[in-house]
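Visitor: I would like a close look at one loop of this protein, and then at the parts that surround it. Please take me through it slowly and say how each term is meant.

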Amino acid sequence: MFKFQLEVIVVEYRVLGRSGLKVSEISLGCWAIGGPSWRDGEPVGWSGNNDDESLAGLRRAHELGINHLDTADVYGDGHSERVIGQFLKDVPRDSVIVASKVGWFRGTAPNAMQPVHIRHQLEQTLTNLGTDHIDLYYFHNTNFGPDDRYLEEAADTMRELQKEGKVRVIGQSAYSYADFMRVCPVTRPDVLQFHYNAFGNEFDREGTNLFRWAEEQNLGMVLFGPLAQGLLLDKFDPENPPQFGEGDIRSTNQSYSKERLLEIRRQLQPLKEHFGSETQDLVRAAIQYALAQSPNACVIPGFKNTRQVESNAQAAGEPLTAQEVELIQQALGRK
């Protein structure tokens, strides 16, 4: 087991399956630092970001040994990538594994996976980041046009970019088991990215268990949303539900209603009794639950500032027991 220690925080590392990428088990999701944004009139970003605080968080993460940054062209329409680009000027490039994605921002193309658009977006991403290569480049979704019109061409384009040295590892992000099964035989990714946290979803269920399938293929897994956008931390007051700014994707999420927040608070009570009632106790439980699903997986909780980076990092190196995993499943109605 690889470890990095500073003060009382120990960051551990995992290898993402056959990709060979060695990443901090708790890495950084950089969606929120892109700020507010919209797609087809719907909010798809985050409010409350500050570039100085974002940069301070990135620098603190680097000090702690967090070496994997996950962004995308669509996060703030390139703003997240540009903030990371500022950070990369101050650290050795080979000390950071940078992941980005293509597939939601289509500009004037008929489809974001049109090969010429993929090339254009990669060049723009490299310019935004100020680098000559992406360590891990994902298809951000499985929308390859009507009847998968661009699927084979898009996959060929990615492999060409890999041969050119502009992309080290190809990844695939998707939102359903069926979509992964449909496109992965063509895109042939070495890393999968998908949404997962202690509330569970189809990816951990019999018949659609993506963890089991990925391990059989020796694929790496990158899990986003391990804290369920803060819902697993019981930090929102049900009597005063949070209000989110314009361009914030959470503004349309019904999970922040009084009724749902009260239900989640009730579900979390057994976790508080076992792990502790502080927010940090729940951060550890949530992150380690996700990591317990596979040794080939890492998590990418989001952040906006140094405090959140440190809070996430403090959850490293303290795996759950099998009994604790079961306790969480029972508390959240999984069993």
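Guide: Gln293 is found in the loop between H8 and E13, where helices (H or I, at least four residues) and strands (E, at least two) are DSSP runs, numbered from the N terminus. This is a predicted model, in which local features need pLDDT of at least 70 and side-chain atom pairs count only at pLDDT 80 or more, while totals for chains, interfaces and linings use all residues. Residues are numbered from 1 along each chain as its sequence is written, and side-chain values use heavy atoms, with hydrogens and water left out.

Leaving aside residues up to four places away in sequence, Gln293 touches Tyr196, Phe211 and Glu215, a contact being heavy atoms within 4.5 Å. The side chain of Gln293 also turns to the backbone oxygen of Tyr289, which it reaches at 3.0 Å; such a polar contact is a pair of N or O atoms within 3.5 Å, and within protein one must be able to donate a hydrogen and the other to accept it, with residues adjacent in sequence counting only if both atoms are side-chain atoms. Further along the chain, Val325 is 32 residues from Gln293 in sequence, and their C-alpha atoms are 9.5 Å apart in space.

On one side of this loop is helix H8 (residues 279-291), which lies across E12 and E13 and runs at about 155° to E13; the axes are lines fitted to C-alpha atoms, for helices over the stretch in contact, and angles run from 0 to 180 degrees between N-to-C directions. On the other side of the loop is E13 (297-299), which together with E4 (28-29) forms the edges of a sheet, each pairing on one side only. That open sheet has eight strands in the order E4-E7-E8-E9-E10-E11-E12-E13, with parallel pairing, and two strands count as paired if DSSP finds at least two bridges between them.

Going inward from that edge, strand E12 (residues 220-224) pairs with strand E11 (residues 191-195) in the parallel sense over five bridges, and Leu192 stands opposite Met221 of E12. E11 in turn runs parallel to E10, to which three bridges join it, with Gly171 opposite Val191 of E11. Six of the seven residues of E10 (residues 167-173) are buried, so this strand is largely enclosed by the rest of the structure; here buried means under 20% relative accessible area, exposed over 50%, and partly exposed in between, for a 1.4 Å probe and protein chains only.

E10 is also paired with strand E9 (residues 134-139), in the parallel sense and over five bridges, and Ile134 faces Val167 of E10 as its opposite residue. From E9 the chain passes through helix H4 (residues 151-163) to E10 in a right-handed β-α-β crossover, meaning that, with the strands pointing away from the viewer, the path from the first strand over the helix to the second runs clockwise. E10, helix H5 (residues 177-187) and E11 likewise make up a right-handed β-α-β unit.

The loop between H5 and E11 holds Arg188, a partly exposed residue with a relative accessible area of 49%. Residues up to four places away in sequence apart, Arg188 touches Arg18 and Arg159. Arg188 and Gly171 are 17 residues apart along the chain, and 8.2 Å separates their C-alpha atoms.

Another loop of this sheet, the one between strand E7 (68-70) and helix H2 (79-88), contains Thr71, which counts as buried at 0% relative accessibility. The side chains of Thr71 and Ser80 are joined by a polar contact of 2.8 Å. Beyond four places in sequence, the residues that Thr71 touches include Cys30, Glu81, Ile84 and Lys101.

Helix H1 (residues 51-64) has Asn50 as the cap of its N-terminal end, with a side-chain oxygen 3.0 Å from the backbone nitrogen of Asp52. Among the buried residues of H1 are Leu55, Leu58, Arg60 and Leu64, and H1 is followed by Gly65, whose phi is positive, near 95°.
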